[in-house]
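Me: I am new to this one and would like to learn how its labels are earned. Could you show it to me?

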Amino acid sequence: MVRKLTTVLFGVSALVLAGCNSDAPSGQQPPPPAVEVAQVSAGNTTLWRSFTGRVAAPETVELRPRVSGYIEKVSFAEGTLVKQGDILFTIDPRPYQARERAARADLARVRSDLSYSEKQAGRAKQLLNSKAISREEYDRRIASRDSARAALSAAEAALENAQLDLQYTEVKAPISGRVSRALVTQGNLANADSTLLTTLVSVDPMYVYFESDEQTFAKGRDLLNSGQKPAVRVGLAGEQGYPHSGELDFIDNRLNSHTGTIQFRAVVNNRDGFFRPGQFARVEMPIEEVSQAVLINSKAVLTDQDRRYVYIVNDSNVTEKRPVVAGQRQGDLVVIRSGLEPGEKIVVNGLQKIFFPGMPVAPEMVAMQEQVKATQVAGH
């Protein structure tokens, strides 16, 4: 037992001595950490701003009948596209057909009376010249002719009105667009100018209304009032980015005194039917042209309380902390208003490896941007 204990102690001593005699280097500095570095550049840039808006149809019609009657037929499939002039509802035409025939008959009677009155007036003139009738009788026949002419105009108007009423028994689409559901179905009474039959909205193009604050409007006034229609980008719920393009075509004539905003309107084509009235939409609008704007990757910007800064890498591959003033951004880019100059190198990836300013690094040059265009910078 004593021999075994002696053997174990001898082995432990040997390991300790071996550790003391190890030739591993002590006090050697680790290599500088590898970081990705990009070069700062500058260029002419259009600044954009994003807004939330709502889609609206340029034309919206509440379809009501012009004549009263019972619905005889509904001639459309609910929710489908219809063309201008398509028959949507048919009101029982029989009462109006009878009125049209009566008006036509009355017109024929009045024309016959006028023909007789004109003949009587012609004879009266001859008889007056030969002094066969009195002046009073002559005036009576002339008045009868003039009255018959007036009755003819009234009968023609009555027939025209009866024909219009008969035409109005076919309720047609006043515009091309998408029709809603039928609010009155076959067999129900529809009252002229009051009963709502259905609604109809145009589908192409579509409007997108959105609000801008007073500061943004003042900033972009020159750009918006240049006489051209600035291009805008639009995205819908569930879509990535802003895949739809349009143009600004309306700016309201006054600001809302309660909200301090002004209304804008963009028009977009809707040939594919993506837009529906009432949808929420995201809109990007250009607000400013900036010359020689400095653009950097937003991942390079760090925050120290309320101040922002970046790490630059000098010619000796040593980091320096540089305060910056950041502006608008979109995607991976941010505009730097002050603090950086074109040509300087900044750390864009691997910032967690930098523990203090003045720390050496092993820089690897990469592109400042990969997927975002420098000419499209937008605000939050």
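Me: Thanks! What share of the contacts with a separation of 6 or more comes from residues 24 or more positions apart?

Reply: Happy to help; keep in mind that this is a predicted model. Those residues account for 75% of the contacts in the protein with a separation of 6 or more.

Me: What makes Val 234 a contact of other residues?

Reply: A contact needs heavy atoms within 4.5 Å. Leaving aside neighbours within four places in sequence, Val 234 has such contacts with residues including Val 208, Tyr 242, Phe 275 and Val 283.

Me: Why is the set of 26 residues called a nonpolar core?

Reply: The name fits because its members are buried residues of the listed nonpolar kinds, joined through side-chain atoms within 4.5 Å. Phe 210, Val 234 and Met 285 have the most contacts inside this core. β2, β11, β12, β14 and β15 each give two or more residues to it, and β15 has the largest share, with 7 residues. A second, separate core has 19 residues, among them Val 61 and Leu 88.

Me: How do you know that 35% of the residues count as buried?

Reply: Buried means under 20% relative accessible area, and of the 380 residues of the protein, 35% count as buried.

Me: What makes up the lining of the largest pocket?

Reply: By class, the lining has 7 nonpolar, 1 polar and 5 charged residues. Of these 13 residues, the closest to the pocket's centre include Arg 66, Tyr 168 and Glu 170. β7 gives the most to the lining, with 3 residues. The volume of this pocket is about 280 Å³.

Conventions: Residues numbered from 1 in each chain as written. Predicted model: local features only at pLDDT ≥ 70, side-chain atom pairs only at ≥ 80, totals over all residues. Heavy atoms only, no water. 1 Å grid on protein atoms, 1.4 Å probe; cavity = no way out; pocket = protein on both sides within 12 Å on 5 of 7 lines; lining within 4 Å. Points joined across faces, edges and corners; volume = space filled by probe spheres on them. Helix = DSSP H or I, 4+ residues; strand = E, 2+ residues; numbered from the N terminus. Nonpolar A, V, L, I, M, F, W, Y, C, P; charged D, E, K, R; others polar. Buried < 20%, exposed > 50% of the residue type's maximum accessible area, 1.4 Å probe, protein only.
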